[in-house]
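Could you walk me through this protein model in plain language? I'd like to see who sits beside whom, what is tucked inside and what lies on the surface.

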Amino acid sequence: MSDTPLSKEQVEALLLRGPFHQWLGLSVVAVGEGTIELKATWRAEWVVNAERGYVHGGILATLVDLTADWALVSKTGRGVPTVDLRVDYHRAAMQGDLTCRGTVVKFGNQLSVAEAQILDDAGRLLASGRGVYMTAPAK
């Protein structure tokens with residue numbers, strides 16, 4: 001477990017080690033005790049319906065999962081495996097950068113719970129969800 005808080009730059013460096021996270025265009029806006037805010041930079045490849053121009057729900061689910069997961073970084077110092085995930089979709093995500101906010105609900109020795117919200121550039125809620133993550137110490 002992490003004894004000293006990681007800076008947003010340190011968290012971003014850890015997060016962006018993953019090529020998929022790089023492809024998503026992620027950047028860390030802020031990191032707090034049990035909280036994180038990320039920005040996902042718009043990519044045309046997110047669009048599932050060319051005529052309507054909305055983002056595939058899998059992208060939103062991915063953002064919910066990884067944002068909730070990385071909200072735990074202030075306690076774990078790393079990303080952790082997902083055990084269970086629930087996502088609710090509230091409105092279609094259209095073209096534009098996305099704001100992703102995560103909060104730890106409960107931190108445990110083995111399992112932890114965190115939730116996330118995905119918002120458009122006007123601050124409208126697009127998707128939200130909650131995950132259970134394996135936070136047992138790495139071996």
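Let's begin with Gly 102: leaving out residues up to four places away in sequence, Gly 102 touches Gly 34, Thr 35, Ile 36, Thr 67, Ala 71, Glu 115 and Ala 116. Touching, or contact, here means heavy atoms within 4.5 Å. Gly 102 belongs to strand 6; helices (H or I, at least four residues) and strands (E, at least two) are DSSP runs, numbered from the N terminus. With a relative accessible area of 2%, Gly 102 is buried. The labels work like this: buried is under 20% relative accessible area, exposed is over 50%, and partly exposed lies in between, using a 1.4 Å probe and protein chains only. Not everything is a neighbour, though: Val 48 is 54 residues from Gly 102 in sequence, and their C-alpha atoms are 25 Å apart in space.

Before going on, keep in mind that this is a predicted model, where local features need pLDDT of at least 70 and side-chain atom pairs count only at pLDDT 80 or more, while totals for chains, interfaces and linings use all residues. Residues are numbered from 1 along each chain as its sequence is written, and side-chain values use heavy atoms, with hydrogens and water left out.

Now hop over to Thr 67, one of the residues that Gly 102 touches. Thr 67 sits in helix 3 (residues 57–71) and counts as buried because its relative accessibility is 0%. Setting aside neighbours within four places in sequence, its contacts are Ile 36, Leu 38, Cys 100, Arg 101, Gly 102, Ala 116 and Ile 118.

Follow that last contact, Ile 118, and you reach the largest nonpolar core, which has 34 residues. Such a core is a set of buried Ala, Val, Leu, Ile, Met, Phe, Trp, Tyr and Cys residues joined through side-chain atoms within 4.5 Å. Trp 46, Leu 63, Leu 98 and Ile 118 have the most contacts inside it. Which elements give two or more residues to this core? They are helix 1 (8–15), strand 1 (26–32), strand 2 (35–40), helix 3, strand 6 (98–106), strand 7 and strand 8 (125–134). Helix 3 provides the largest share, 9 residues. In soluble globular proteins, nonpolar side chains tend to be buried together.

What about the aromatic rings? The whole structure has 2 aromatic pairs. Rings of Phe, Tyr and Trp (its six-membered ring) pair if their centres lie within 6.5 Å; planes under 30 degrees apart are stacked, over 60 edge-to-face, and the rest tilted. Phe 20 and Trp 23 are a stacked pair, 6.0 Å centre to centre with 10° between the planes. These two are about one helical turn apart, because they lie 3 residues from each other in helix 2 (residues 19–23). Phe 20 is partly exposed at 43% relative accessibility, and Trp 23 is partly exposed at 29%. The other pair, Trp 42 and Trp 46, is edge-to-face, with 5.6 Å between centres and 80° between planes. Trp 46 is buried, at 1% relative accessibility.

Finally, take a look at helix 1, where you'll find Glu 9. Is Glu 9 buried or exposed? Glu 9 counts as exposed, since its relative accessibility is 53%. The C-alpha atoms of Glu 9 and Val 31 are separated by 9.4 Å, although the two are 22 residues apart along the chain.
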